Amino acid sequence: MSVLTRNEAQTRAELIDVHRYSIELDLTTGDQNFDSRTAIRFTARADGDSFIELKPATLRSVTLDGQPLDPETLDGNRFPLKGLTAGEHELRIAAAMRYSHTGEGMHRFTDPTDGETYTYTQLCMDDAQRVFAAFDQPDIKAVFELSVTAPKGWTVLANGVTTHQGDGRWTAAPTPLISTYLVGVAAGPWHSVRTEHAGLPFGIHCRRSLAPYLDADADEILDATRACYDRYHEKFEEPYPFDSYDQAFVPEFNSGAMENPGLVTFRDEFVYRSAVTDTERQTRAMVIAHEMAHMWFGNLVTLRWWDDIWLNESFAEYMGYQTLAEATSRFTGIWTDFGIARKTWGYDADQRPSTHPVAPDPDAVPDTASALVNFDGISYAKGASALRQLVAWLGEKDFLAGINRHFTRHRFGNATLADFIDSLAAVTDRDVHAWAEVWLRTTGIDTLSAEVAEADGGWQLAVAQDGNRPHRIAVGAYDRDPVESGRLVLRERFETDVPQTRQGETATRPGRRPALVVLNDGDLTYAKVRLDGTSGEAALRTLSGIPDALTRAVVWNSLRDMVRDGQLEPVTYLETARAHLPEEPDLAVVQGVLGFARTHVLDRYLAPDDRPAGLALITDLTRDLIRRTEDGSNSGLRLTAVRHFIDAAVHPNGLHDWLDGGSVPGGPELDPELRWRILARLAVLGAIGETEIAAELDRDPSATGQEGAARCRAALPTPEAKEAAWSRLFDSDDLSNYLFTATAQGFWQPEQAELVRDYVPRYYPAAVALAARRGPAIAQAAGQYAFPAHAVDAEHLRVGEACLHDSELTPALRRRLVDQLDDLKRALGVRSREV
């Protein structure tokens, strides 16, 4: 199959102007294929040749202006359109298309709980051609008219309001001008909750088996939706541009959500079957806000080519967090969660060889395959951080004025970075073009270091920069609380500009030297922060005594970066967590610190001989948190502690007691998530077998139960279990994307390093072959979840780097392997303190 190049897209966009797609889908033709009929009305601006994309199971017929064309001329995924004459044309194509089980194209899922089947589309970025014939590029927009024939009892959702015409045939209202990748369909026996807001129909939808869980949270989901909708209308002059707003929680979804106009699709793990923390509920609300922002950033105004994916994702990311904080009273601390959990995604990505600018040069994104790998921490977290810094530097008033000008100039059209910067420049005297060059066109993280000294009549601060961007930051000066030992009080917070030069001006402040000086207090810029020596010692002693959660997140991130850079012993990070997390009131901070401790420090940065002591330290910490929450005062903290206690357990007896008793003493009751988590850990420890796994699957035969069982079976510490799991992963193509991921998550375990040692070199040729067979979604899963991350040794690095020379590597897998191997090299450096 050929991927579309930027040059080909530009040439085609100059020739072809599409007016309307009329698409008829028939979902009643069996469980392997569906029928797709497409009529496309377009204009050729001149005489010339072109092509249209589709990936059919069977191409039945093609006619151009009523004249039949030979279906045999289909070349891979391209059907040639030779000898087009200038003027109006109508192209009709009929085909049988394949259902997907990897979350690409038209995904089909049968719920093991009740046997009901559901289908939905995921077409970004070039998978429209898996569902209907298309000029599949973002800058050829058109009106879409859609009809779907579905089985009896199904409901069909689409970009526009749908109407049942009888006999299972549904029609959707025509869309405004949108791109092919934004067409959305979701069909099945949905459970729906419908309402109306601001004169528009709103709806939320899920599988029938999840109905009670959606109903329990319907008010929360719809309240967040309405609040964000209203807030966006206060920010944006352009009104919401579509005729309805449906949100469908769909099974086996590869990403968090997809912003199809009028029909946002979410992974249905957001319909909570088990207990979750308020931070997880906050994340769901943020994703709702993020996807709604796309209705303007991406759907109303769409990128011209995929080098500008940041115009979609960075803006939706920034707006999602900022708007949720403004629109709700419940989730006002969302930027702390961004700082400790999301921003680190960008920091890590920006230090790998695969890093790229937020807005890369168009030549760096020559085709859709290279564009796909840029949906990463740079395009999301770093881009959002850059925009937050832009607002701090520019002011929100001018920022919003520039955005609204951009919407007005390009509504229902396409735009580029240059277009956006021009819109900003028209409303401010600031040099936004220069800002964009240093912030959006460069790679890497700047490091800001505080240099603090005593001075006559006060204290002095100089900010040294290792980098090349200007920063507008706040500096926090903290003193020890004279009343409460171990606490700090804010003396002052002041703003300062850090120039692009390596050394800023020295500023003298009144009073004695503070106990703690924190650069980037408030986390308004994107940079590593290094504390001066005195402040670093104070932070290790009094971190939980810093009064503001976002400042604590900045300091924790500084410690995290120092561990990754070999400047702080990993065990010191664990000891700091042990000392301060029991006093930490912000759950996002607790979850972020424990997550890094578990996945990075324990599993990668500690040498094998040091890992047992690290596990014991986390066990003591989480046991302490469990004891401190016995009064029910903080159920979210207790649940977080229970989860991490389970994951760090080295003795099975206590876990068996919880499982047999059905609850943790003092709560919580063991819901499906906790039961499967315990069973997974017991499987790793060799304390259960197939009998217990099968019994639990009988108890919970749901889709998540199937995934839990797959994870447990792959984690069993026997040669037979490992070989069976390996065969399911790499020798068979039957696993769906979710079952593949669950099996991969169970396979590699640090406790089983010797058992799986021989599989490490086997992984590389197996993953290369799998990616070539099954495509980008499974390639990314193979590179992310099936990678032997626990194997931190020089021989593994040598074998992995040799694989990068394999010419058969697909772009999606190559990117994952480059990142994983760089993380492996960093882990080796941390162990030797030579990063």
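A salt bridge is a side-chain nitrogen of Lys or Arg within 4 Å of a carboxyl oxygen of Asp or Glu. With that in mind, welcome to this structure, which is a predicted model. A search through the whole of this model turns up 66 salt bridges. Three of these pairs are a good place to begin.

| Salt bridge | Closest N and O atoms |
|---|---|
| Arg330 and Asp278 | 3.2 Å |
| Arg469 and Asp446 | 3.5 Å |
| Asp603 and Arg598 | 2.8 Å |

**A pair between a loop and a helix**

Take Arg330 and Asp278, whose closest N and O atoms are 3.2 Å apart. Arg330 sits in the loop between α4 (310-327) and α5 (334-349), while Asp278 belongs to helix α3 (residues 278-293), so their salt bridge ties together parts that are 52 residues apart in sequence. Arg330 is partly exposed, at 45% relative accessibility. Asp278 is partly exposed too, with a relative accessible area of 48%.

**A buried pair**

Now look at Arg469, which forms a salt bridge with Asp446. Here the loop between β23 (458-466) and β24 (471-480) holds Arg469, and strand β22 (residues 446-455) holds Asp446, so the pair ties together parts that are 23 residues apart in sequence. Are these two residues buried or exposed? Arg469 is buried, at a relative accessible area of 0%, and Asp446 is buried as well, at 2%. Both values fall under 20%, which is why these residues count as buried.

**One more pair, and a network**

In the third pair, Asp603 makes a salt bridge with Arg598, the closest N and O atoms lying 2.8 Å apart. Asp603 has a relative accessible area of 19% and is buried; Arg598, at 14% relative accessibility, also counts as buried. Elsewhere, salt bridges with shared partners join six residues into one network: Asp217, Glu220, Asp278, Arg281, Arg284 and Arg330. You have already met Asp278 and Arg330 as partners in a salt bridge.

**A sheet of five strands**

Finally, turn to a sheet. Which strands form it, and in what order? Five strands make up this open sheet, arranged as β15-β16-β17-β19-β18, and their pairing is mixed. At the edges are β15 (191-197) and β18 (257-258), each of which pairs on one side only. Strand β18 is joined by two bridges to strand β19 (residues 263-267), and these two strands run antiparallel. To find the spot in the model, look for Met258, which stands opposite Thr265 in β19.

Methods. Residues are numbered from 1 along each chain as its sequence is written. This is a predicted model: local features need pLDDT of at least 70, side-chain atom pairs count only at pLDDT 80 or more; totals for chains, interfaces and linings use all residues. Side-chain values use heavy atoms; hydrogens and water are left out. Helices (H or I, at least four residues) and strands (E, at least two) are DSSP runs, numbered from the N terminus. Buried means under 20% relative accessible area, exposed over 50%, partly exposed in between (1.4 Å probe, protein chains only). Two strands pair if DSSP finds at least two bridges between them.
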